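The following exercises concern the surroundings of a ligand and the arrangement of a chain. Each task is followed by a worked solution.

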Amino acid sequence: HDNDAACPFSRQARSFDPFGVAYQSDPAEALRFSREDEPVFYSEAMGYWVVSRYDDIKAVFRDNITFSPANALEKITPATPEAVAVLKREGYGMDRTLVNEDEPVHMARRRALLDAFAPDALAEHAPMVRDLVREKLDAIIERGHSDLVEDMLWDVPLTVALTFLGVPDDDMTTLRSFSVAHTVNTWGKPTPDQQVAVAEGVAKFWNYSGDVLARMSAQVDAGKDVHGWMYDMIRQNRVMPDIVTDNYLQSMMMAIIVAAHETTALASANAFRELLTHRHQWDAICRDPALIPAAVEECLRHSGSMVAWRRIATRDAAVGGVTIPEGGRILMVMASGNRDPRHFENPDALDIWRDNSADHLTFGYGAHQCMGKNIGRMEMAIIIEEVSRRLPHLQLAEQELTYLPNISLRGPEALRVTWDPAKNPERQDP
Ligand code: HEM
């Protein structure tokens, strides 16, 4: 724009860059100007329409025909020719999953795959989650210090995800090493050199997912009594191969590990950071664990792990009084919607007693709303229950937190905490 007067958007809006320091250090704060004055704007710097208010984000999520999710997992930083060559050489074939699939195929698949998420099915996983958390706590309880991410929060959701999928134990170790490459690949800004390394990581992840799938499919075909969501998918593939296709199985294998793992790990790390920073709220949940589900919800609102999500307009359509043209790419910043004072009173404050925390947009909304939301919630609640019961005297250590640079997934890479083992309640009352 040479002519500022002709452009409806402010300079700040036009130059909005989600890889800039402001958004990377605090996405909700970086969008305050937008929430207040220009709720839907076009960022020339990124080539996206940015939506920042609660009601507008919900309206976009609600209409998945006008606002298609097809671009949800598109690489935000286009691949370099070298990276493309690596993916081609390795036969990388990631295609649609559920989250970026259009109707009517999406709903048919979603329905075919819902059983594993029924409340009874989920309740069966709770003891496994608790055992895992206890094991992690046993390993550190006498130590007096920990990086909670490394010692617990990274590993528990990954093991839960792989167990939920039914992945054999032997394959879990290898699969552990792959997921970060996928996050950087989708939502990050790798340098040209990193692009090649990321492409290699992603291709390995893809091919290994194919190997695991082949082993799991053989079990199904041999009529073995095997359980897990991936096995459900394989069985549906045998019954309705046009809906649950072969490619879809392999794409889901890879996508779900990311969807279920890093989201929950980072949301848990954010929750500990916030609760320990707001000491009276931490102390309140230590005294009264019945507050934990509400605390989980408020942490997901205040500091969710999915801070932004994408859609693409399939026709000209108005959002918040602005017309987004057909083909317009949209970035909905849920971290901003979750701090919208039009919906949440005193929105910047963490308040576990708030009565509408659960309205947050961190799990998306509408036809594609997160299928795993109750697994994520259950894991976070169990982790917080166990840690607050056994380490109520936990303190955040002095530290500079770091975050993987990307536009969607947010949570500290490490979270160091300390405590005095002599004061562990179980020493007093074993
Ligand atoms: C979709 C966030 C945990 C499985 C989504 C979406 C978001 C999200 C933002 C897109 C929603 C939309 O387009 O409206 C999160 C967060 C989690 C989490 C913040 C943890 C705190 C999980 C877990 C699973 C899971 C544990 C386990 C399997 C899925 C699936 C979809 C999805 C299958 C696609 C649903 C569809 O398109 O129909 N999630 N997720 N997520 N998530 Fe999660």
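A polar contact is a pair of N or O atoms within 3.5 Å; within protein, one atom must be able to donate a hydrogen and the other to accept it, and residues adjacent in sequence count only if both atoms are side-chain atoms. The model is predicted, so that local features need pLDDT of at least 70 and side-chain atom pairs count only at pLDDT 80 or more, while totals for chains, interfaces and linings use all residues. Residues are numbered from 1 along each chain as its sequence is written, and side-chain values use heavy atoms, with hydrogens and water left out.

**Exercise 1. Polar contacts of the ligand**

Task: Determine which protein atoms lie at 2.9 Å, 3.3 Å and 3.5 Å from an oxygen atom of the ligand.

Solution. Begin with Arg311: an N or O atom in its side chain is 2.9 Å from a ligand oxygen. Next, a polar backbone atom of Leu98 is found 3.3 Å from an oxygen atom of the ligand. Finally, Trp309 places a polar side-chain atom 3.5 Å from a ligand oxygen.

**Exercise 2. The shell around the ligand**

Task: Describe the shell around the ligand by residue, class, element and domain.

Solution. Step one is the count: 29 residues surround the ligand (a residue is near if one of its heavy atoms lies within 4 Å), and His106, Arg110, Arg311, His368 and Cys370 come nearest. Step two is the class: 18 are nonpolar (Ala, Val, Leu, Ile, Met, Phe, Trp, Tyr, Cys and Pro), two are charged (Asp, Glu, Lys and Arg), and nine are polar (the others, Gly among them). Step three is the element, with helices (H or I, at least four residues) and strands (E, at least two) taken as DSSP runs numbered from the N terminus. At least two shell residues come from each of α7 (105-112), α16 (246-277) and β5 (309-313); α16 gives the largest share, six residues. Step four is the domain: domain 1 (1-62 + 307-341) and domain 2 (63-306 + 362-428) each contribute at least three residues to the shell, the bounds coming from an automatic or database domain assignment.

**Exercise 3. The two domains**

Task: State how far apart the centres of domain 1 and domain 2 are, and how many residues of each are in contact.

Solution. Taken over C-alpha atoms, the centres are separated by 27 Å. Counting contacts (heavy atoms within 4.5 Å), 31 residues of domain 1 touch 37 residues of domain 2.

**Exercise 4. Backbone geometry in loops**

Task: Identify the conformation of the peptide bond from Glu103 to Pro104, and the sign of phi at Asn346.

Solution. The Glu103 to Pro104 bond is cis, with omega near 0 degrees; Pro104 belongs to the loop between α6 (81-89) and α7. Asn346, a residue other than glycine, has a positive phi near 45 degrees, and its place is the loop between α19 (334-337) and α20 (373-390).
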